[in-house]
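Please walk through this structure with me, beginning with one helix and its surroundings and ending with the fold as a whole.

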Amino acid sequence: MRPVRLLPLLLLAGPALAAAPQYTKAQAAAGAKTYAAQCAMCHGAKLNNGGAPKLAGPAFFQKWASNTLDDFHFITSTTMPQTKPGGLKEAEYLNVIAYILQVNGFKPTTKALAVKDLKTYTFKK
Ligand code: HEC
C-alpha cells in the first residue's frame with residue numbers, strides 16, 4: 001500500500017502548486033450581504049457593472065491569472081472599500097472573497113476559506 005500513499009505527499013510538497021479555492025456556502029451568503037453594503041455602489045451589483053474595475057468575468061480572470069488569492073486578499077483588505085481601506089473585519093473580507101468566487105463560478109465546498117490557505121489558491125478553475 002505504500003506507493004499509493006506516497007502520491008498525495010508528493011502533491012503536497014510543491015508550495016507553488018495551485019489548488020481550486022475552497023469556501024463554504026455560508027461564507028458566500030454572508031459575503032453577498034457585505035458586498036451589497038460595502039462594494040456594490042462602486043463595483044456594481046453584478047460585480048462587473050460599476051464604475052470601478054470588474055470583479056467578475058474574463059478580463060478579471062486575465063488580470064489575476066498569475067496571482068494567488070493571497071495577493072487578491074492583500075489588495076482587497078488593505079485598499080478596499082476605497083472610502084475606508086482596511087475598515088472591514090477579517091471574516092468580512094474572507095466572506096466577500098468567497099462571494100466573488102461564487103459569482104465567478106467556483107462551487108462552494110465544506111472547507112471554509114481561510115487566510116492560511118490563500119497562498120495555495122488561484123482564480124484558475
Ligand atoms: C468608493 C468606491 C469603491 C468601493 C466602495 C469599493 N471599491 Fe474596490 N475599487 C474601487 C476603485 C476606484 C478601484 C480601482 C483602484 C485602482 O486601480 O487604483 C478598486 C479596485 C478594487 C480591486 C482591485 C481590482 C483590480 O482588478 O485591480 C478589488 C479586488 C476591489 N476593488 C475590491 C473591492 C471590494 C471587495 C469592496 C468592498 C469590500 C470594494 N472594492 C469597495 C472603488 C471602490
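In this predicted model, the residues of H5 that count as buried are Leu 69, Phe 72, His 73, Thr 76 and Ser 77. They lie on the same side of H5, because the arc that they cover around the axis is only 115°. That buried set packs against H4 and H6, whereas Ile 75, Thr 78 and Thr 79, on the other side of H5, are exposed.

Following the chain beyond H5 leads to the loop between H5 and H6, in which Pro 81 lies. The peptide bond that joins Met 80 and Pro 81 is cis, with an omega of about -10°. Most peptide bonds are trans, and most residues other than glycine have a negative phi. A backbone feature of the second kind is found at Leu 47, a residue other than glycine whose phi is positive, near 75°. Leu 47 belongs to the loop between H3 and H4, the latter being the helix of residues 58-64. Is Leu 47 buried or exposed? Leu 47 counts as buried, because 21 C-beta neighbours fall inside 10 Å, and the cut-off for that class is 20 or more.

Both Met 80 and Pro 81 appear again at the ligand, since 17 residues surround the ligand and the closest of them are Cys 39, Cys 42, Ala 52, Met 80 and Pro 81. Two helices, H3 (40-43) and H5 (69-79), each supply at least two residues of this shell, and H3 gives the most, with three residues. Sorted by class, the shell around the ligand consists of eleven nonpolar, five polar and one charged residues.

H2 can be read in the manner used above for H5. With its 14 residues, H2 reaches 20 Å from its first C-alpha to its last, which is close to the 20 Å expected at 1.5 Å a residue. Its buried residues are Gln 27, Ala 28, Gly 31 and Tyr 35. These four are on the same side of H2, because they cover an arc of only 90° around the axis. The cover over this buried side includes H3 and H6, the latter formed by residues 90-103. On the face of H2 turned away from the buried side, the exposed residues Ala 26, Ala 36 and Ala 37 are found.

Lys 25 is also part of H2, the helix that spans residues 25-38. Lys 25 counts as partly exposed, because it has 13 C-beta neighbours inside 10 Å, and that class lies between the cut-offs of 12 or fewer for exposed and 20 or more for buried. Although Lys 25 and Ala 112 are 87 residues apart in sequence, their C-alpha atoms are 8.8 Å apart in space.

The protein as a whole can now be considered. It has six helices and zero strands, so that the order of elements from the N terminus on reads α-α-α-α-α-α. Of its 125 residues, 25% count as buried, and among them are the residues named on the buried sides of H2 and H5. Among the contacts in the protein with a separation of 6 or more, 70% are accounted for by residues 24 or more positions apart.

Conventions
Residues numbered from 1 in each chain as written. Predicted model: local features only at pLDDT ≥ 70, side-chain atom pairs only at ≥ 80, totals over all residues. Contact = placed C-beta atoms within 7 Å. Near = placed C-beta within 6 Å. Nonpolar A, V, L, I, M, F, W, Y, C, P; charged D, E, K, R; others polar. Expected span 1.5 Å × (residues − 1). Arc of directions from axis to C-beta.
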